[in-house]
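Reader: I am in my first year and still learning to read structures. Could you take me slowly through a close look at one place where two helices meet, and then show me how the rest of the model is arranged around it?

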Amino acid sequence: MAEIKLTKVVKRYGALGVVHGIDLSIAHNEFVVLVGPSGCGKSTTLRMIAGLEDISDGEIRIGNRVVNGLPPRDRNVSMVFQNYALYPHMNVRENLGFGLGIAKVPAPEIERRVNQAAEILGLQPYMDRLPANLSGGQRQRVAMGRAIVRDPDVFLFDEPLSNLDAKLRGQMRVEIKKLHQRVKTTVVYVTHDQVEAMTLADRIVIMRDGHIEQVGTPAEVFERPVNVFVAGFIGSPPMNLIDAVVTTEGLRPAARLADGVVVPLPAGVSVSEGQRITLGLRPDDITPQGHGMPGTGETLRLEREVALAEPLGTETILFTRLGDKEIQAKMLNPRVVTPGETLPFVVDLARLHVFDAADGRSLKA
Amino acid sequence: MTLFRSPRAVPYLLLTPALVVIAAVILVPLAVSLWSSFTAYNLTRPATLYSFVGLRNYARLLNNADFWWAFGRTLVFITVTLNLELVLGLGLALLVNQVTMGRKVLRTIMMFPMMFSPILVGFQFKYIFNDAVGLVNNALFDLGLITQPIPWLVDGTLAPLSIMAAEIWMSTSVFAILLLAGLLALPKEPIEAAKVDGCGPIQVFRHITLPFLMPFIFIAMTIRSLDVARAYDMVRIMTNGGPAGRTELLWTLMARVGYQNSQMGMANAMGYVSILTSILFTVYFYRKLVVARRYMGGVE
Amino acid sequence: MSGRPLTIEKPWQRWLIRLGVFLAMAILCVPGVWVVLTAFRPNVEILARPPVWIPQDPTLNNFLGIFGLLPAQQQGLPVARYFLNSVVISLTSTAVAILLGMMGGYAFARYRFRGKGALFVSFMLSRTVPGVALSLPLFIVWSRIGLLDTSLGLIIVYLAINIPFTVWLTDGFFRQIPVDLSEAAQIDGCTRWQAFWKIEFPLARSGLASAAIFAFLTSWNEYALASQLTRTTASKTMPVGLMDFTAQFTVDWSGMSAMAVLIIIPALLLTFVVQKHLIAGLTFGGVK
């Protein structure tokens, strides 16, 4: 059993704070992804869990042990590094078996476990090669093999796919997911790529400037972002964020945009007349008439001129204006759209996000 | 981000043995040297180590023509040889860079002189420039160019030149090898871009190759300025300062004053002048190196 | 990495370059070759006029002579003893300098600490002190504490001379090795100490070898300090011994050449062994 518990964990370099007292509980066998822009403290947090950085304040538990003062080797964690960190002077077999050798595991047992890991990862043909003679994807597999061979309590991944090209990254993502299903272990995975986070995670931890912004399942952080930052960070293409002022339309609150368009706000939003807000509208939720998902509830129709169309095959991204912003809309079952063409757009009002313009918090209940 | 797990003391502990040795062999003696340069210390009378004379040694140095000649000669020697070594080394590197076959062998040959002890180089050239049995005179005789032996190391004009030749033979390789390494690391794209932009070979060299080589030039200069005093060994064996003091450098002069005349106080005063000169040269080139490196955006 | 000559089209230019390279190499080789040839010549041939270019009567007598193995020869010099002194002093000072220098280099490469920059520069500067200038006070100090004319005295001096350069080189070598590797090893269960010996040290080994050769050659070839700090066969080294052959006005060319060959041989061997590492060491120690 290895759950991980971070309590008020702080990391400072001299006077410079990097992680400001974060709390996080990770369940046994859970796959948690720390995601955020560079410099948000996610890697530092991971390295503190690994024992590669000391903890300035607070407490980290792995299982039921406080590991604050423990060196990495006593934490029974394994880690896959961004640059793989394969030992250049050892072949694949030696790289895989190195940790077991250090732990004085008997040779036949090392042999067995190394072969098992190699089989899982399809490394058998390369066992006698040096890392220099492997491709990026193969190195990545060796790095993962080195991690699983030791059968650790916790797997740590530090941006493991960022050095691979886009296609390989997609493949390895699938392999990591499969691997986790096969070798059930607690995983903490750091990335700056929200797609990786969404596809891999049981739960996502979104970090910014050394703070945790939101913790939740991929669906939760996508559907109910707690603030503008999370809303803008998760989802691709990103959510359109449009400044607006609260007004009253009929008897219910609505948002008046800079270009005069009035958008009724969904039920359960607590706003007051005249309040400055930011409207969040995912491209999926503003679609040309007849080219979107069938809406479940109330909609708003808008005639908009398309400035640019980006065909992606199964869908086309349309660029148009709303409020004082250029926004993106998604067209499913696309037809050819010429720039300058005016299309009737449908906005799914129930899926509208509303944030306070001042502090960015979500105003949706 | 490195590991900072270990206590702060670790790097100091790692450095302590090295520091102790350097303190014992360099710092303490330098302090002794500084002190004795203010005394009338004479090797034959140990008690004189405590007879403080203030700046008298330095004052005498300033009024001593021999010292000034040796000092000036040393500066000229350093400046001329370093510059010639740079030019010749650059030429040699460019030349070898043009050859595609056997570069490894050439590089090994270029390395010979670097491996030679300066005293050995001195001996070698003492032998080669010897008027009776030397290679140079023998060759000139055989070619019928001379009928009388040329006294290379005995003539007041030729002796300094002969010593410079030996020094240049010994150290041009340092420049050649480092600059060759620089040429081999030269990125292709800027040169190709320059050619596309219409630069001729000379302009490419002037605007692309040379600026790129600058850090390498300064590394070589820094390394050379560290050991330029090795020329002492050569002069010692070739002419020992002669004829009539025409090849007397600061280093030979101080050895003579210190060990032969036993005037250690005076010699140490000279020693300090030479130490400061060396440090000045090194710091100058090191600064240049840092600037050039920054200018190149940290040449990898 | 391979050849990229500026385009040279005309054959005569190519030949000109080859000629230039040949001449340059000849100038670099001839003095050494000449000394080696002389070492195998009888004295008559050295002094012959007109000169004898190619040895007609090669002999080992010069070598036997300097070791005092020829019966009817001028008194033999203790060359064997000098050689032994040189070997012991150079090897010992090199080994210890590499050990201490490696520790220092590792500290500079892997740790941030107060006074790092200043310390690094002072290491460098300690190397700039001219040998003769250093020999004066060392002579005074060593004679007072009884280290004058001892192998130990010279070993300590060479240690101090070699440490700064070794620190400089090893710092460069260790910085080439990603910190990740040591960290990965620690995650794999190593202590930092184990991680160093199992991962970082093997990877730096070739660099350390080249640093060792620099240190060895510096000690092996050093004259200015050795000539003042050694007096007798107890500690005299080969370069100092070479001067035994010069009297005020006469020089024993054949004996000196034989001795020179003995000094050259280790240097040449080492050059062949490590020439590649050597350049790598010099350039990235400095550039990176």
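**A helix pair in chain B, and its surroundings**

Author: Let us begin at a meeting of two helices in chain B, where Pro190(B), Ile191(B), Ala194(B) and Lys195(B) of H8(B) are in contact with Val204(B), His207(B) and Ile208(B) of H9(B). Please keep in mind throughout that this is a predicted model. The first partner, helix H8, covers residues 188-196 of chain B, the second, helix H9, covers residues 201-227, and the two pack at an angle of about 145 degrees with their axes 10 Å apart. An angle and a distance are the right things to ask for here, because two packed helices are described by the angle between their axes and the distance between the axes. The handedness can be added to this description, for H8(B) passes H9(B) in a right-handed crossing. If you sort the residues of this contact by class, you find 5 nonpolar, 1 polar and 1 charged.

A second pair in chain B can be read in the manner of the first. Helix H5, residues 118-128 of chain B, and helix H7, residues 158-185 of chain B, have axes that come within 10 Å and cross at roughly 130 degrees. That angle makes H5(B) oblique to H7(B), since the oblique class takes in the angles left over once those under 35 degrees, those over 145 and those from 65 to 115 have been set aside. The crossing of H5(B) and H7(B) is right-handed. On the H5(B) side the contact is made by Pro118(B), Val121(B), Gly122(B) and Phe125(B), while H7(B) brings Ser162(B), Ala165(B), Ala166(B), Trp169(B) and Met170(B). By class, the contact of H5(B) with H7(B) holds 7 nonpolar and 2 polar residues, and no charged ones.

It helps now to step back to the whole of chain B, which has 12 helices and 0 strands. Its C-alpha atoms fill a box of roughly 75 × 75 × 30 Å along the principal axes. Of the 300 residues of chain B, 48% count as buried. Among the contacts in chain B with a separation of 6 or more, 69% are accounted for by residues 24 or more positions apart, and this tells you how often the chain meets distant parts of its own sequence.

Chain B also touches a neighbour, in a contact that takes 79 residues from chain C and 82 residues from chain B. On the chain C side, the element that gives the most is helix H12, residues 253-287, with 15 residues. Sorted by class, the side of chain C that touches chain B has 58 nonpolar, 14 polar and 7 charged residues.

Chain C itself is divided into domain 1 (11-66) and domain 2 (79-287), and the C-alpha centres of these two domains of chain C lie 31 Å apart. Where they touch, 12 residues of domain 1 of chain C are in contact with 10 residues of domain 2 of chain C. The elements that give two or more residues to the domain 1 side are helix H1 (11-39), helix H2 (43-47) and helix H3 (61-66) of chain C, and the largest share, 5 residues, comes from H1(C). That side of domain 1 has 6 nonpolar, 5 polar and 1 charged residues.

Chain A offers one more helix pair to set beside the two in chain B. Helix H2, residues 92-102 of chain A, and helix H4, residues 136-148 of chain A, have axes that come within 8 Å and cross at roughly 30 degrees. H2(A) and H4(A) are therefore roughly parallel to each other, because angles under 35 degrees are counted in that way. H2(A) passes H4(A) in a right-handed crossing. The contact joins Val92(A), Asn95(A), Leu96(A) and Gly99(A) of H2(A) to Val142(A), Gly145(A) and Arg146(A) of H4(A), and by class it has 3 nonpolar, 3 polar and 1 charged residues.

Finally, chain A is assigned a domain 1 (4-225) and a domain 2 (240-356), whose C-alpha centres lie 39 Å apart. Val228(A) is found in helix H8 (residues 228-233) of chain A, and with 21 C-beta neighbours inside 10 Å it counts as buried, because 20 or more are needed for that. Leaving aside neighbours within four places in sequence, Val228(A) is in contact with Leu241(A), Thr278(A), Phe355(A) and Gly360(A).

Definitions and conventions
Residues are numbered from 1 along each chain as its sequence is written. Chains are lettered from A and ligands numbered from 1 in the order in which they are written. This is a predicted model: local features need pLDDT of at least 70, side-chain atom pairs count only at pLDDT 80 or more; totals for chains, interfaces and linings use all residues. Domain bounds come from an automatic or database domain assignment. Two residues are in contact if their C-beta atoms, placed from the backbone, lie within 7 Å. Helices (H or I, at least four residues) and strands (E, at least two) are DSSP runs, numbered from the N terminus. Ala, Val, Leu, Ile, Met, Phe, Trp, Tyr, Cys and Pro count as nonpolar, Asp, Glu, Lys and Arg as charged, and the others, Gly among them, as polar. Axes are lines fitted to C-alpha atoms, for helices over the stretch in contact, and angles run from 0 to 180 degrees between N-to-C directions. A crossing is left-handed if the near helix is turned anticlockwise from the far one by less than a right angle, and right-handed if clockwise. A residue is buried if 20 or more other C-beta atoms lie within 10 Å of its own, exposed if 12 or fewer, and partly exposed in between; C-beta atoms are placed from the backbone.
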